[in-house]
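Student: I am new to this structure. Could we go through it in short questions and answers?

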Amino acid sequence: MYLKSRGLGLPPRIDRHHRVMGLVRFANGRVVRGDALVRGDVWSLDGVVVCPEALYWRAASSDALAHDVVDCEGCIVAPGLVDIQTNGCFGVDFASPRVEERDVRRAAAAVLRHGCTALAPTLVSSSRELYRTLIPRYAAWTKAPPAGGAAILGLHLEGPFLNEAKKGAHLAENIPSSCAVGEMAERYGSLDGVVVVTLAPELPGAPAAIADLAKRGVAVSLGHSQATKAQGVAGVRAGASLLTHLYNAMPAFHHRDPGLVGLLGLAEHDRRPYYSIIADGIHADPASVAIARRAHPGGAVLVTDAMAAMGLGDGDHTLGDDVQVTVRGLRATVRGTDTLAGAVVSLDECVRRFAEFTNCGPAAALNAASAHPAAVLGDATRGSLDVGRRADVALFDDDLRPVATYVAGAKAWGRDEADKQGA
């Protein structure tokens, strides 16, 4: 993997990290186009994907247009991955009251090695005080200029408006009994910078709360729930567009009332929701993952649901400030129990396993971690390499292992350099 300058005119701009800006051509790769890999180039100008024909005419009417070429050496050229449910990673807990911007930025830089260029830090069910501390803090960080790592898209509030019977690792003391709009406003204090809220649609007041959130542009996800199919349908009709970690913290499928899982079988005109899934082989059996994709192939959204222990190896760790967890391999459980407590899988590992479990092909697996989560957020700037999108590019080898990651057309991480540094 190398980059070389070509053409005449002014040299490309170089920032203090010596990353190339300006006009960049990603050549000699296989580009994700829909669910296929297509031989071709991707052109980026000042961090945005542009049309090569327009560049040609621009060059033809002036001096030769200077640009740089990234030789992709046959790699898969994919949009940067987007993780819309992650509680932390590499020792950083996004729900800690002590978390600082430098911690979040450090985590955002670390996930570049997994091909991830955008994430939504996720807060588990918390106290009023913690929401009122962290929501404004993250809102400011979301609005701040990017700092060279994955973009901070905004918060995913997973709770606290959940069904206590399906609380999982969430603390019961933080879970209210209803979901009225006023109670939600009082609990959160603000929705500034919030992009996703997970709630249980069967709670009193939930349909009105879902409609209010959707009106504000917040994606509503149904999860940690005992909902019947009818209650789930009511939630979708009110504005919910996603299911949180399918199969987990919801009733098992039953043929007479399939619950939230049954929403995958809705007709398209019923606004069939997307569904997030943790494809680590632990949170859902590989066959269950395959069944979900066959039922609704365009709805799969790969998430890590990672906790701070992701990337740190086996041992004892924490989720939030109160939940003690034990990590063994890819399994994280509440200490002393068999209750799963988030995950420690990386997003690129989810892509690899999803491709293996479903036999869907590399492009479709990559779309489940890029195009689909961007669509859930209504983010038209990410998730594909179409003209006008951000030039957030991740290069993968044939085994779907990251080779290099580019943010706005500038190289932010490379496997070769990391190997030399022992990282």
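Tutor: Yes. Keep in mind that this is a predicted model. We start with a helix: the buried residues of helix 6 (residues 229-238) pack against helix 5 (206-215) and strand 14 (219-222).

Student: Which residues of helix 6 are buried?

Tutor: Buried means under 20% relative accessible area. In helix 6, four names meet that cut-off: G232, V233, G235 and V236.

Student: Why do they lie on the same side of helix 6?

Tutor: In general, an α-helix has 3.6 residues a turn, so residues three or four places apart point the same way. Here the buried residues are on the same side of helix 6 because they cover an arc around the axis of only 160°.

Student: Which residues are exposed on the other side of helix 6?

Tutor: Exposed means over 50% relative accessible area. On the side of helix 6 away from the buried residues, that holds for A230 and R237.

Student: Which residue just after helix 6 takes a positive phi?

Tutor: Look just past the end of helix 6. The phi there is about 135°, and the residue is G239.

Student: Now the strands. Why is strand 5 largely enclosed by the rest of the structure?

Tutor: Strand 5 spans residues 67-71. In a regular strand the side chains alternate between the two faces of the sheet. One side of strand 5 has H67, V69 and D71, the other has D68 and V70, and both faces are covered. Strand 5 is therefore largely enclosed, with a buried count of 5 of the 5 residues.

Student: In strand 5, which residue is the bridge partner of R25?

Tutor: Strand 2 (residues 23-33) runs parallel to strand 5, and 4 bridges pair them. In strand 5, R25 has as its bridge partner V69.

Student: How many residues of strand 22 are buried?

Tutor: Strand 22 covers residues 402-407. It is largely enclosed by the rest of the structure because the buried count is 6 of the 6 residues.

Student: What is the bridge partner of L395 in strand 22?

Tutor: Strand 21 (residues 393-396) pairs with strand 22 in the antiparallel sense, over 4 bridges. The two form a hairpin with 5 residues between them, and L400 in the turn has a positive phi of about 60°. Across the pairing, L395 has as its partner in strand 22 A404.

Student: Which residue in strand 23 stands opposite A404?

Tutor: Strand 22 and strand 23 (residues 410-414) run antiparallel, joined by 4 bridges. Their hairpin has 2 residues between the strands, and A408 in the turn has a positive phi of about 55°. Opposite A404 in strand 23 stands G414.

Student: On to the cavities. What volume does the largest cavity have?

Tutor: The structure holds 2 cavities of 30 Å³ or more. For the largest one, the volume is about 90 Å³.

Student: Which elements give two or more residues to the lining of the largest cavity?

Tutor: The lining includes D83, T86, C116 and L119. The elements that give two or more residues are strand 7 (81-86) and strand 10 (116-123).

Student: How many charged residues are in the lining of the largest cavity?

Tutor: Sort the lining by class. There are 6 nonpolar and 4 polar residues, and the charged count is 1.

Student: How many charged residues are in the lining of the second largest cavity?

Tutor: That cavity holds about 40 Å³ of space. Its lining residues include R382, R390 and D392. By class, 1 is nonpolar, 4 are polar, and the charged count is 3.

Definitions and conventions: Residues numbered from 1 in each chain as written. Predicted model: local features only at pLDDT ≥ 70, side-chain atom pairs only at ≥ 80, totals over all residues. Heavy atoms only, no water. 1 Å grid on protein atoms, 1.4 Å probe; cavity = no way out; pocket = protein on both sides within 12 Å on 5 of 7 lines; lining within 4 Å. Points joined across faces, edges and corners; volume = space filled by probe spheres on them. Nonpolar A, V, L, I, M, F, W, Y, C, P; charged D, E, K, R; others polar. Buried < 20%, exposed > 50% of the residue type's maximum accessible area, 1.4 Å probe, protein only. Pairing = 2+ DSSP bridges. Arc of directions from axis to C-beta. Contact = heavy atoms within 4.5 Å.
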